[in-house]
Amino acid sequence: MTGQAKAGRPNQLLRNLNSKIASIPMILTAVVIFLGGTVWTVFYSFTNSKLLPRLSFVGFDQYKRLWAAPRWIVSIENLAVYGVLSLIFSLVIGFTLAALMDQKIRFENAFRTIFLYPFALSFIVTGLVWQWVLNPEFGVQSVVRSLGWTSFTFDPLYTPSIVIYGVLIAALWQGTGLVMCLMLAGLRGIDEDIWKASRVDGIPMWKTYLFIVIPMMRPVFITTLVIIASGIVKVYDLVVAQTSGGPGISSEVPAKYVYDYMFQAQNLGQGFAASTMMLITVAIIIIPWAYLEFGGGRKRA
Amino acid sequence: MPDTIALKTAEVALAPVKSFDGPNGKKPKRVLSPRNIMLYGTLFVAAAYYLLPLYVMIVTSLKGMPEIRMGNIFSPPMEITFEPWVKAWATACTGLNCDGLSRGFWNSVRITVPSVIASIAIASVNGYALANWRFKGSELFFSILVIGAFIPYQVMIYPIVIVLRELGIYGTLTGLIIVHSIFGMPILTLLFRNYFASLPQELFKAARIDGAGFWQIFLKIMVPMSLPIFVVAMILQVTGIWNDFLFGVVFTRPEYYPMTVQLNNIVNSVQGVKEYNVNMAATILTGLVPLVVYFVSGRLFVRGIAAGAVKG
Amino acid sequence: ANATDLEVTHWWTSGGEAAAVAELAKAFDATGNHWVDGAIAGSGGTARPIMVSRITGGDPMGATQFNHGRQAEELVQSGLMRDLTDVATAEHWKDIIRPASLLDSCTIDGKIYCAPVNIHSWQWLWLSNAAFKKAGVEVPKNWDEFVAAAPALEKAGIVPLAVGGQPWQATGAFDVLLVAIAGKDTFYKVFKDKDADVAAGPEIAKVFKAADDARKMSKGSNVQDWNQATNLVITGKAGGQIMGDWAQGEFALAGQKAGTDYTCLPGLGVNEIISTGGDAFYFPKLKDEAKSKAQDVLAKTLLDPTTQVAFNLKKGSLPVRGDVDLAAANDCMKKGLEILKKGNVIEGTDQLLSADSQKQKEDLFSEFFANPSMTPEAAQKRFAEIIGSAD
Amino acid sequence: MNSSVSIKDLSLNFGSVSVLKDLNLEINDGEFLVLLGSSGCGKSTLLNCIAGLLDISEGQIHIKGKNVTWEEPKDRGIGMVFQSYALYPQMTVEKNLSFGLQVANIPQQEIDKRVARASEILQIQPLLKRKPAELSGGQRQRVAIGRALVRDVDVFLFDEPLSNLDAKLRSELRVEIKRLHQSLKNTMIYVTHDQIEALTLADRIAIMKNGIIQQLADPTTIYNKPRNLFVAGFIGSPSMNFLRGEIAKRGDATVFTANGVDFNVDAYEASGPLQAGRKVTLGVRPEHIKVNENLGAEVHDATVDIEEPMGADNLLWLKHAGHTMSVRINGARRFSPGSQVKLGFDMSLASIFDAETELRL
Amino acid sequence: MNSSVSIKDLSLNFGSVSVLKDLNLEINDGEFLVLLGSSGCGKSTLLNCIAGLLDISEGQIHIKGKNVTWEEPKDRGIGMVFQSYALYPQMTVEKNLSFGLQVANIPQQEIDKRVARASEILQIQPLLKRKPAELSGGQRQRVAIGRALVRDVDVFLFDEPLSNLDAKLRSELRVEIKRLHQSLKNTMIYVTHDQIEALTLADRIAIMKNGIIQQLADPTTIYNKPRNLFVAGFIGSPSMNFLRGEIAKRGDATVFTANGVDFNVDAYEASGPLQAGRKVTLGVRPEHIKVNENLGAEVHDATVDIEEPMGADNLLWLKHAGHTMSVRINGARRFSPGSQVKLGFDMSLASIFDAETELRL
Ligand SMILES: Nc1ncnc2c1ncn2[C@@H]1O[C@H](COP(=O)(O)OP(=O)(O)OP(=O)(O)O)[C@@H](O)[C@H]1O
Ligand SMILES: Nc1ncnc2c1ncn2[C@@H]1O[C@H](COP(=O)(O)OP(=O)(O)OP(=O)(O)O)[C@@H](O)[C@H]1O
Ligand SMILES: [Mg+2]
Ligand SMILES: [Mg+2]
């Protein structure tokens with residue numbers, strides 16, 4: 001009888017056919033572009049391709065050179081500093097603003113729009129504006145000096161040791177609005193009764209946020225983290241627009257290294273080696289996470 | 001006993017306001033309580049930080065070059081001039097073409113509209129398939145896709161150039177639309193998948209029992225229920241695609257160059273002194289479309305995010 | 001002929017450059033065809049990847065600017081570029097173009113793939129007469145005097161040496177110092193023979209010493225673009241700038257006169273040698289027959305004597321033909337032509353080094369100029385390493 | 001008895017919508033008061049006002065004789081248990097119980113003592129190290145009660161604490177809450193829309209509708225002598241049978257007549273005179289109608305429409321002179337649909353309401 | 001009677017978790033079958049398998065004699081009503097009803113006819129132009145039923161259709177569904193975890209636990225002769241009283257003895273012999289214990305612990321020889337906590353289970 005049932009079982013490939021057809025763009029993108037592109041990139045990182053990809057293998061030479069290049073090291077350091085700080089500050093500022101917005105305030109719409117609008121602007125714009133605001137000759141520094149505080153110095157973009165913070169200021173200006181929105185949406189999803197319970201328990205508001213609400217917003221933080229983190233790894237436009245990696249190489253970032261070596265230096269192999277390093281870093285962080293979120297999710301649901 | 005009720009009404013009428021000792025009714029609230037001062041103080045300071053660059057942009061764009069050279073970027077223009085705006089829009093030069101941003105504007109529209117539509121259409125169908133019609137491997141492809149969100153665009157340029165070349169659509173608008181769809185796919189699919197998964201499964205089941213198929217359920221049941229998430233997707237995509245520079249210039253030819261290319265040219269091709277006022281005017285003009293989209297649909301944005309993004 | 005649209009990409013977008021391009025376009029349009037301008041701002045670094053992508057992506061433009069030399073080598077090898085040998089023979093390019101190295105750079109396996117349009121030399125020091133007047137010192141006649149005058153300039157609130165933030169500017173300045181201080185032979189030993197020992201040797205150490213001076217003198221020039229730096233000189237905010245002859249276009253545009261408003265010192269006034277790099281146009285292979293024809297027309301037009309004169313006057317560079325009359329040339333240009341005639345020329349580093357090595361050099365020198373804590377010795381060590389591994 | 005919570009002329013508006021209107025309520029010390037009413041009638045709102053979670057628009061609230069109208073919730077001496085439990089999800093049960101105390105800077109020793117006591121009373125000692133997600137619904141509810149318990153408060157407020165639980169658990173926890181009240185003797189105010197909960201738990205029930213208390217009395221009174229039609233219909237499942245008709249005199253006897261059928265109502269203890277001709281509604285509870293047995297003097301004919309066996313009981317839906325009527329009989333007695341039966345009505349247990357004012361006569 | 005739905009050896013796994021195991025079930029034509037079980041036991045899963053919304057792992061499903069194991073839901077001749085109504089929020093009621101028909105390309109005339117008929121049966125004609133958001137819970141539920149109705153199906157599947165409604169509405173709609181079944185005579189499979197619904201509606205009840213059917217029988221049998229301890233405990237509210245003890249002989253008489261107290265069980269109709277010494281569990285329903293009246297021969301002493309008046313009934317929680325016991329008496333009889341009472345047990349209505357196999361003896 002069971003055998004009979006099996007005989008009637010339709011072809012597994014045809015089951016759910018529409019869904020499979022509809023997913024073709026996704027499958028193609030995932031497999032051909034992201035997976036294929038990645039494999040291709042890794043593959044060619046072992047060649048000494050110059051302007052055009054060609055199959056002349058040089059083993060790990062590109063990687064040796066990469067890790068010997070001071071500019072790559074600086075890029076990595078910058079990304080680390082920028083990444084950690086922008087993660088922390090985006091989350092802290094975004095959450096703080098969201099918490100303030102959640103206090104049943106007046107003009108909520110106006111405030112939200114103000115915090116969010118920079119997100120609508122491109123990095124070129126953001127970079128340009130902040131390049132200008134931070135320009136020592138007529139930006140904040142000169143304004144403060146003209147007010148009488150002549151020794152005031154604030155020129156992050158022209159001081160190699162702190163230039164990355166100048167970039168950070170602009171990045172936060174652009175990105176925290178979105179984080180605020182995500183957090184606000186998360187806060188709005190918190191059960192009203194939790195607030196009431198904590199008020200009855202006499203728990204001060206800040207403690208409620210810190211010890212009760214934030215831990216409850218784990219999914220929001222994860223989504224936000226994905227969005228911020230994917231932005232951090234990719235940071236390129238802002239640096240190009242704001243500092244072009246300068247002064248010197250002090251605000252270089254990995255994505256720019258990749259781009260510059262692939263296209264300006266016409267050394268694809270080197271660029272591919274650098275991208276491979278980036279991909280590995282991303283994979284180390286993301287794959288366990290993706291597994292937990294999506295792979296393990298089936299069992300949990 | 002209708003009289004009881006009459007009596008009660010009379011009673012109320014006779015005794016106007018009962019007064020008790022001590023606190024009564026609403027707790028009086030001071031407008032200037034320390035809490036409010038802190039709250040609004042912080043908000044206003046933050047708002048000032050966010051508005052400052054916009055203010056600088058606007059003020060600068062209304063000044064003449066001499067005034068800019070003299071002074072303070074924060075001071076309001078002594079003499080308002082719209083010259084920079086005109087120049088940015090209509091006469092700024094890029095190489096030999098001196099028609100400002102205007103030539104790129106329609107290109108941007110031509111790129112943005114179909115790209116936004118295509119990328120949202122594709123991602124929403126993907127998200128729907130992933131949420132409601134899972135098949136073997138669908139989650140695996142999705143995981144790859146999400147990891148793809150972390151790959152810097154620059155890394156992918158070369159492979160994509162090759163793919164588009166092989167497809168014979170390199171340099172065409174179609175090619176660019178595909179590229180935008182590809183790079184919009186990870187985050188959008190994530191959003192749509194989460195959103196559709198948060199809709200009641202029973203609706204989907206009911207529709208299946210009613211005999212509706214994959215596309216009918218999507219078009220007739222799911223889409224009409226999903227306005228908020230479509231708004232979020234639209235905002236993200238309009239912003240992203242309108243502001244895109246790299247793809248617009250790498251994957252098309254000059255006749256399709258978007259506005260950002262002109263912006264980049266205006267900003268980067270300096271004629272001796274940087275014309276900050278023109279740059280700022282160009283900047284604002286370029287950002288205008290996404291800004292308008294924001295102002296119009298900002299409220300739906302938060303709602304949509306609450307509905308889609310937040311549920312991990 | 002029917003009017004054929006030909007798209008030409010380039011990165012000439014500054015004031016002087018754009019004016020020069022307009023001359024080319026005018027001349028081409030006069031042939032009955034149409035020049036479709038595809039300018040991409042932000043220097044070659046931004047523009048080249050876009051051009052290369054388009055050529056490799058199968059959607060090539062009609063013609064494109066490259067620095068001749070090695071930038072387009074592989075594209076030619078992959079058969080993506082049009083062979084111009086026929087045009088060249090018909091127009092006798094071999095005879096009229098000088099120095100011959102320019103055409104050599106366009107020649108691969110005996111075939112000619114590009115049309116050089118100008119000669120650019122890097123080895124110039126531009127000085128603001130007004131700045132020195134303000135500081136109360138004589139306008140220097142060579143690099144050493146300039147270094148000596150620096151403190152006075154600083155005291156007057158003037159940045160002695162303007163160096164823009166773009167990496168190639170610092171690199172270029174160093175190369176100029178190298179030729180000027182270490183001489184032609186050392187230059188070739190380092191860049192042509194890639195002799196790492198020489199690069200690590202005492203000759204080059206002197207160059208690094210000078211570069212160190214330059215670095216100190218350049219402190220405070222908070223600008224990015226080369227022409228902004230030039231503008232500092234024009235407006236007297238900076239004493240001088242090491243920059244190629246294209247800077248002249250900016251001076252001209254600002255209405256300044258060589259000799260009275262500014263002073264130019266070829267070879268830094270030390271060693272009057274100029275390099276002969278330059279720009280050239282490449283013509284990707286096109287399927288469209290009419291366009292291919294138009295490409296030939298454009299190639300011819302670019303080297304047309306009148307075009308050459310008009311273009312180079314605006315651009316501030318030297319024409320590639322020896323047979324044109326540059327009566328309208330100004331002081332500085334004449335100096336350049338003189339040197340050219342004497343044959344005191346070297347090849348440009350773009351022709352000698354791969355883009356990759358150039359990029360590494362740029363990384364080094366942009367860091368060196370921006371980071372005062374990097375000693376000349378450390379920098380020289382890395383320089384020697386780059387030369388050692390250069391190709 | 002002292003009044004523990006006293007609400008005076010309380011009004012509350014949300015914007016222009018008035019939710020509570022001039023509400024007065026005295027709750028005695030140690031009393032178990034249930035606020036009962038259908039969804040949206042303002043029960044939770046009233047409870048939140050007492051807790052201080054909502055700012056009232058008018059009136060005063062006194063707890064233990066103290067005017068707390070403007071006090072913060074934590075200073076009112078109240079503990080509250082929420083429908084959705086509102087446990088802090090990332091804290092262990094122990095932490096959930098002690099967090100409020102720690103914030104109030106109560107010495108650790110004292111905290112431990114109180115947590116131990118509460119968890120003993122509620123028998124949640126084995127759960128102390130778990131997190132809420134690892135608890136069943138009933139256990140969560142117990143922890144939520146525990147959180148109020150440790151705070152050593154005078155007044156417990158419950159907002160539908162059982163409505164998220166399944167039927168079986170609900171009846172178990174109901175008993176536990178009752179037992180808790182018996183041992184603690186605190187004042188408890190309990191919101192529900194489940195009448196079984198109300199009837200079993202309450203010392204007194206306040207039935208609300210549209211923000212107004214309809215009747216405030218002990219469960220027996222509410223059940224047997226509902227003050228108006230709303231209360232009568234609201235309490236009892238299945239609902240009281242209502243017949244619309246009028247009073248008439250048949251000789252000496254007073255009868256209720258509807259659709260041409262008379263019911264002798266002499267046995268009914270009216271609080272006022274039942275004049276002939278007065279339009280009234282007669283209400284009879286399903287269990288006060290006898291079928292085929294012990295019928296009494298007056299016998300009515302009816303047809304069985306639907307039978308609903310419910311285990312211990314059996315519910316019959318009958319057709320009787322144009323009305324549909326439900327009757328509850330012993331579960332062992334079965335009737336098939338369509339069969340003819342005889343009914344007897346016990347008028348001493350019935351209710352008669354004026355048709356217009358809807359008040360009980 | 002023909003079998004309308006027949007499930008053969010059905011198994012279903014979610015990944016490695018087995019939810020349904022080798023399940024066999026024959027449902028007769030026109031039968032009202034209720035699937036009853038606690039949360040998570042697999043009721044909805046089974047229903048979804050029948051509907052074709054889940055792919056089964058093993059076995060077959062036949063509807064009306066046709067093997068539909070791999071058919072699409074729409075081709076199985078079933079209609080389904082969901083707990084959350086699952087109305088399409090953006091469509092009017094009319095559109096909700098006709099959507100499935102339009103999808104199936106049925107002529108508009110026919111659609112109109114069917115919608116008219118369904119809305120007449122369910123009395124929702126005035127609502128046809130509204131959207132679901134503008135309907136009350138009960139109305140929504142009715143529309144949901146209507147959606148199944150218009151499709152003219154053989155088998156109706158209900159997944160806890162009433163559990164989102166309040167008690168009053170629930171009991172009203174329960175009657176309506178019963179009436180609907182009586183008039184349509186379709187096969188209906190109804191999932192619930194509310195035993196009252198199960199008992200009142202079902203022709204037969206299938207009680208499930210962990211994906212296995214524990215007992216499949218008519219309500220009376222289930223209530224009076226539960227096949228095992230689980231069924232006995234699951235059905236009845238408050239739950240059956242269970243006493244753990246053993247069988248003993250006292251002279252001729254067979255007794256059940258626990259905590260030193262004997263209960264004569266001669267009146268019990270055992271399906272097997274009750275040997276002395278066998279460890280058993282005695283189950284007595286609360287309504288089968290008499291208090292102070294009609295006690296019978298054997299009298300036990302007990303103390304009232306808690307009283308739960310529930311209107312028509314009164315529930316007493318008693319302490320009796322170390323057990324806690326619930327007894328249901330008439331609502332009019334009241335006892336205060338602490339009072340001493342005498343109990344009589346009706347053993348002919350009791351159940352005895354083997355302590356180990358938990359099966360009824
Ligand atoms: N924040 C608010 N703003 C406006 N109206 C509100 C608000 N909260 C409640 N209401 C309204 O006040 C009325 C009473 O609400 P309340 O929550 O007290 O009802 P409830 O009796 O507790 O009902 P339930 O049994 O559903 O919990 C409702 O009509 C509701 O719509
Ligand atoms: N998609 C799924 N993946 C994994 N496990 C599932 C899935 N759906 C249901 N289950 C599990 O299968 C079991 C049966 O679920 P089902 O929904 O049939 O229960 P139910 O009897 O309908 O309960 P309820 O009364 O709560 O609706 C549960 O333990 C549940 O956790
Ligand atoms: Mg409520
Ligand atoms: Mg279920």
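**Exercise 1.** How far apart are the nearest C-alpha atoms of chain C and chain D?

*Solution.* Take the two chains in this predicted model. Find their nearest C-alpha atoms: these lie 50 Å apart. A contact needs heavy atoms within 4.5 Å. Chain C and chain D do not touch.

Now repeat the step with chain E. Chain C and chain E do not touch either. Here the nearest C-alpha atoms are 46 Å apart.

**Exercise 2.** Find which chains share the most contacts.

*Solution.* Start with the pairs of chains that touch: there are eight. Then look at the contacts in each pair. Chains A and B have the most.

**Exercise 3.** Describe the secondary structure of chain B.

*Solution.* Count the helices first: chain B has 14. Next, count the strands: there are zero. Reading from the N terminus on, each element of chain B is α.

**Exercise 4.** Work out how chain B is packed and what it exposes.

*Solution.* Begin with burial. Chain B has 312 residues, and 59% of them are buried. Buried means under 20% relative accessible area. Turn to the contacts in chain B with a separation of 6 or more: 72% of them join residues 24 or more positions apart. Finish with the surface. Chain B exposes about 12,600 Å². Carbon and sulfur atoms supply 70% of that area.

**Exercise 5.** Locate the domains of chain B.

*Solution.* Use the domain assignment. Domain 1 covers 34–80. Domain 2 comes in two segments, 105–259 and 289–310. Last, compare the C-alpha centres of the two domains of chain B: they lie 36 Å apart.

Notes. Residues are numbered from 1 along each chain as its sequence is written. Chains are lettered from A and ligands numbered from 1 in the order in which they are written. This is a predicted model: local features need pLDDT of at least 70, side-chain atom pairs count only at pLDDT 80 or more; totals for chains, interfaces and linings use all residues. Side-chain values use heavy atoms; hydrogens and water are left out. Helices (H or I, at least four residues) and strands (E, at least two) are DSSP runs, numbered from the N terminus. Buried means under 20% relative accessible area, exposed over 50%, partly exposed in between (1.4 Å probe, protein chains only). Accessible areas come from the Shrake-Rupley method with a 1.4 Å probe; for residues, only the protein chains shown count as cover. Domain bounds come from an automatic or database domain assignment.
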